[in-house]
Amino acid sequence: MTEERSIRALLVCTLASGADAVDFTEYDLSVAVDGGLAWFRARGVVPCLWLGDGDSSTEDDRAWARERGTEFQLVSPDKDYTDLDLALEVCERRGMNAATVIGAVGGRLDQQLGVFGSLLRHPALQTVVRDARQFVTPVFAGQTYQCAELVKAFGVVALEPAVVTVSNARWPLDSAKLEPLSTWGISNEPQGGCPRVAVEAGVALFIGQH
């Protein structure tokens with residue numbers, strides 16, 4: 001049996017900064033999520049798609065992208081979903097099975113919590129939200145996540161009641177029952193290799209710090 005090929009999307013949101021660096025050749029689709037367009041323009045890279053309600057991008061940036069052939073999807077600001085929700089949904093519709101999101105960490109608390117909610121609503125995508133210091137990926141029931149990056153510290157936080165096993169850690173967990181937002185799994189350290197997290201029930205976030 002052959003392993004399914006990753007078809008990857010890069011989503012850049014408003015909070016992306018000069019510290020965020022990526023290899024564009026790794027991605028099949030690049031998406032500017034509203035104000036994330038400025039990040040692309042600063043690098044002279046034209047995204048495949050821009051989408052959003054236009055509240056955090058400038059007319060000048062949008063004109064720059066239109067002139068260079070970027071596809072546009074403008075939506076009304078009167079909506080009950082975020083631009084990131086829309087971007088993840090579009091990625092799924094276009095056949096992506098993995099997504100990297102930058103510029104979505106460190107903003108308003110309600111929006112930050114909404115980012116994690118977006119991850120819950122799109123389980124078909126292997127999504128990683130990252131900035132220069134840390135990254136977050138959801139692990140769903142029946143999945144095992146083997147961290148492939150060198151991390152200084154990490155945490156495992158349940159988003160709903162979860163049963164979690166954590167190995168290769170200073171403080172391992174064995175089928176631990178974590179309540180939503182429990183602090184039991186935070187502030188851990190790798191030991192004996194890269195951390196490994198198996199979720200038997202529920203959903204948990206793996207949060208790695210470089």
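In this predicted model, two positive side chains sit above aromatic rings. Arg66 lies over the face of Phe72, and the distance to the ring centre is 4.3 Å. Lys79 is placed over the face of Tyr81, at 5.9 Å from the ring centre.

**Rings that meet rings**

Now let us turn to rings that pair with each other. How many aromatic pairs does the structure hold? There are 7 aromatic pairs. To describe a pair of aromatic rings, one gives the distance of the centres and the angle of the planes. Here are two of the pairs, side by side:

| Pair | Centre to centre | Angle between planes | Type |
|---|---|---|---|
| Phe135 and Phe206 | 6.0 Å | 40° | tilted |
| Tyr145 and Phe206 | 4.9 Å | 50° | tilted |

Why does the pair of Tyr145 and Phe206 count as tilted? Planes under 30 degrees apart would be stacked and planes over 60 degrees apart would be edge-to-face, with the rest called tilted. The planes of Tyr145 and Phe206 stand at 50°, so this pair is tilted.

It is also worth looking at where these rings come from along the chain. Phe135 belongs to strand β7 (residues 134-140) and Phe206 to strand β13 (residues 203-209), so their pair ties together parts that are 71 residues apart in sequence. The pair of Tyr145 and Phe206 links distant parts of the chain too: Tyr145 is in strand β8, Phe206 is in strand β13, and they are 61 residues apart.

Are these residues buried or exposed? Phe135 and Phe206 are both buried. For Phe206 the relative accessibility is 0%, so this residue counts as buried. Tyr145 has a relative accessible area of 19%. Buried means under 20%, so Tyr145 is buried as well. Together with Phe154, the residues Phe135, Tyr145 and Phe206 form one aromatic cluster.

**A sheet of four strands**

Strand β8, the home of Tyr145, also leads us to a sheet. Which strands build this open sheet, and in what order? There are 4 strands, in the order β8-β12-β10-β11, and their pairing is antiparallel. At the edges are β8 (144-146) and β11 (173-178), each of which pairs on one side only. On average, neighbouring strands of this sheet are turned by 20° against each other, direction ignored.

Strands of a sheet pair through backbone hydrogen bonds. For a closer look, take β10 (residues 162-167) and β12 (residues 196-201): these antiparallel strands are joined by 5 bridges. One example to find in the structure is Val164, whose bridge partner in β12 is Val199.

Note on methods. Residues numbered from 1 in each chain as written. Predicted model: local features only at pLDDT ≥ 70, side-chain atom pairs only at ≥ 80, totals over all residues. Heavy atoms only, no water. Pairing = 2+ DSSP bridges. Helix = DSSP H or I, 4+ residues; strand = E, 2+ residues; numbered from the N terminus. Axes fitted to C-alpha atoms, helices over the stretch in contact; angles between N-to-C directions. Phe/Tyr/Trp six-rings, centres within 6.5 Å; stacked < 30°, edge-to-face > 60°. Buried < 20%, exposed > 50% of the residue type's maximum accessible area, 1.4 Å probe, protein only. Lys NZ or Arg CZ within 6 Å of the ring centre and 35° of its normal.
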